[in-house]
Amino acid sequence: MLLENGSITPQMYEAAEIFRTQFRAAALDGMRTMPLIRIARGTGDTLTERHVSARQKVSAAIRHVGGMDSPAGGSLWHVVGLECSIREWALQQGWNGRPLIPAHAQGILVSALGTLVEHYGLAPRTRRASVLSIPPAPEPALMAAAGCGG
């Protein structure tokens, strides 16, 4: 919905998809808090190398936006990772347990996605204007017609 109404760019959408895929691969779907690297002992629950690697990637992304205690980190965890609605996250979870106005929550999420674009290297590459722009040399026939050269 945010992509369709122009609130986010295609790169932001792609960053969210990458984060969500890593979140699922990390088997964090059912977790409401963020013990990313904790390995359960004696419970029969085991984490594969794939889970651990995905958790490290999720953790790095969360740290890049300011950590789990930041509004951006919380929005990524709940809205993108757990797939709560922005409104649900804003009113029920909010930032550190404090409710947010949904419009503010959306702004936090958009900002977090913009930062994820950078983290994942998805920013569109812009052509840099060269510092020195040397025009090509004119053809000799044109130079002769203009009285240049000999």
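What is the volume of the largest pocket? The largest pocket comes to about 380 Å³. The model is predicted: local features need pLDDT of at least 70, side-chain atom pairs count only at pLDDT 80 or more, and totals for chains, interfaces and linings use all residues. Residues are numbered from 1 along each chain as its sequence is written, and side-chain values use heavy atoms, with hydrogens and water left out.

**Overall fold**

- The protein has six helices and zero strands. Helices (H or I, at least four residues) and strands (E, at least two) are DSSP runs, numbered from the N terminus.
- Along the sequence, the pattern reads α-α-α-α-α-α.
- Of the 150 residues in the protein, 35% are buried. Buried means under 20% relative accessible area, exposed means over 50%, and partly exposed lies in between (1.4 Å probe, protein chains only).
- Among contacts with a separation of 6 or more, 63% join residues 24 or more positions apart. A contact means heavy atoms within 4.5 Å.
- About 9,800 Å² of the protein is exposed, and carbon and sulfur atoms supply 55% of that area. Accessible areas come from the Shrake-Rupley method with a 1.4 Å probe; for residues, only the protein chains shown count as cover.

**Nonpolar core**

- The largest nonpolar core has 36 residues. Such a core is a set of buried Ala, Val, Leu, Ile, Met, Phe, Trp, Tyr and Cys residues joined through side-chain atoms within 4.5 Å.
- Phe19, Leu76, Leu109, Leu113 and Leu116 have the most contacts inside this core.
- Helices α1, α2, α3, α4 and α5 (102–119) each give two or more residues to the core. The most come from α5, with eight residues.
- Leu109 is in contact with Leu2, Ser75, Leu76, Val79, Val80 and Ile86, leaving aside neighbours within four places in sequence.

**Largest pocket**

- A pocket is defined on a 1 Å grid over the protein atoms alone, as an open set of points with protein on both sides within 12 Å along at least five of seven lines; a cavity is a set of points where a 1.4 Å probe fits but cannot get out. Grid points are joined across faces, edges and corners, and a volume is the space filled by probe spheres set on the points.
- The largest pocket is lined by 17 residues. Lining residues have an atom within 4 Å of a point.
- Met1, Leu2, Arg20, Val79 and Leu109 lie nearest the pocket centre.
- Helices α1, α3 and α5 give two or more residues to the lining. The largest share, four residues, comes from α1.
- Leu109 takes part in both settings: it is one of the core residues with the most contacts, and it is one of the residues nearest the pocket centre.

**Helix α4 and what follows**

- Ile86, Trp89 and Ala90 are buried in α4. These buried residues fall within an arc of 95° seen down the helix axis, so they line one face of α4. The arc is that of the directions from the helix axis to the C-beta atoms.
- An α-helix has 3.6 residues a turn, so residues three or four places apart point the same way.
- The buried residues of α4 pack against α3 and α5.
- Arg87 and Gln92 are exposed on the other side of α4.
- Gly94, just after α4, takes a positive phi of about 60°.
- Trp95 sits in the loop between α4 and α5. Trp95 is partly exposed, at 29% relative accessible area.
- Trp95 is in contact with Asp69, Ser70, Pro71 and Leu100, leaving aside neighbours within four places in sequence.
- Trp95 and Gly73 are 22 residues apart in sequence and 9.2 Å apart in space, C-alpha to C-alpha.

**Positive phi outside glycine**

- Most residues other than glycine have a negative phi.
- Ala27 has a positive phi, near 60°. Ala27 lies in the loop between α1 (10–25) and α2 (49–64), and is partly exposed at 35% relative accessibility.
- Glu83 also has a positive phi, near 60°. Glu83 is in the loop between α3 (71–81) and α4 (86–93), and is partly exposed at 44% relative accessibility.

**Tyr13**

- Tyr13 belongs to helix α1. At 42% relative accessibility, Tyr13 is partly exposed.
- Leaving aside neighbours within four places in sequence, Tyr13 is in contact with Leu3 and Ile8.
- The C-alpha atoms of Tyr13 and Leu3 are separated by 6.8 Å, with their positions ten residues apart along the chain counted as the separation.
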